[in-house]
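This briefing is meant for a reader who has not met the structure before. Please look over the sequence and the model first, and then use the points that follow as a guide.

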Amino acid sequence: MPRGHGKTLAQNKKARHDFTIEETFEAGIVLQGTEIKSIRNGRIQLKESFARVKDGEVFIHNMHISPYDQGNIHNHEPTRARKLLLHRKEINQLIGQTQQKGYSLVPLKVYIKNGVAKVLLGVGRGKKKYDKREDLKRKQQKREMDRAVKESLQ
């Protein structure tokens, strides 16, 4: 199965709006107890999440996984930092890319692939306000062209 494909459970739509994504990496997530059950129920949010490389390991911060309803006192903390599983080569590549000015690691989506929870990380450069406006204009023009083509065919 290609990278980034599987049953999508959460998507960070704001990431593509705020960042120009240049490269993506697929990583596994180290989870505790009931977290996978909550993820499979779709109770996960990537809205304000980000990833960092610390001491040769990659961690994802502010990813909210709601506590499992049928869980007991051993339920997990919703926004704890979770370790991501990547190959050493990929981590070294991420370290090199994120040390450049303006680049950051952004989680794009969480999905289930072959029964395992994965996160798609993007290395991106933040967009300026005028870049965002330009993208919105381009998107609107494309939508209008598609609409005109569809009407002319009918």
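**One residue, one strand and the whole protein**

Leu-85 lies in strand β7, which covers residues 82-85. The model is a predicted one, and the points here begin with that residue, go on to strand β8 and its partners, and end with the protein as a whole.

**Leu-85 and its surroundings**

- Leu-85 has a relative accessible area of 46%, and because this falls between the 20% limit for buried and the 50% limit for exposed residues, Leu-85 counts as partly exposed.
- Leaving aside residues up to four places away in sequence, Leu-85 touches Ala-27, Gly-28 and Val-30.
- Leu-85 and Glu-57 are separated by 28 residues in sequence, while the distance from C-alpha to C-alpha in space is 8.3 Å.

**Strand β8 and its partners**

- Strand β8 runs over residues 103-113, and since 10 of its 11 residues are buried, the strand is largely enclosed by the rest of the structure.
- With strand β1, which is made up of residues 7-11, β8 pairs in the antiparallel sense over 4 bridges, and in this arrangement Gln-11 stands opposite Lys-109 of β8.
- With strand β9, which is made up of residues 116-126, β8 pairs in the antiparallel sense over 10 bridges, and here Val-110 has Val-119 in β9 as its bridge partner.
- β8 and β9 together form a hairpin with 2 residues between them, and Asn-114, which lies in the turn, has a positive phi of about 55 degrees.
- As a general point, side chains in a regular strand alternate between the two faces of the sheet.

**The protein as a whole**

- The protein contains 4 helices and 9 strands, and read from the N terminus its elements follow the order β-α-β-α-β-β-β-β-β-α-β-β-α.
- The C-alpha trace of the protein spans about 60 × 40 × 30 Å along its principal axes.
- Of the 154 residues in the protein, 33% are buried.
- When contacts between residues at least 6 apart in sequence are considered, 68% of them join residues at least 24 apart.

**Surface and charge**

- The protein exposes about 10,200 Å², and carbon and sulfur atoms supply 48% of that area.
- The protein has 33 positive and 17 negative charges, and the mean positions of these two groups are 1 Å apart.

How values were computed
Residues numbered from 1 in each chain as written. Predicted model: local features only at pLDDT ≥ 70, side-chain atom pairs only at ≥ 80, totals over all residues. Heavy atoms only, no water. Buried < 20%, exposed > 50% of the residue type's maximum accessible area, 1.4 Å probe, protein only. Contact = heavy atoms within 4.5 Å. Pairing = 2+ DSSP bridges. Areas by Shrake-Rupley, 256 points an atom, 1.4 Å probe, with all protein chains shown as cover. Lys, Arg positive; Asp, Glu negative; His and termini not counted. Charge placed at Lys NZ, Arg CZ, Asp CG, Glu CD.
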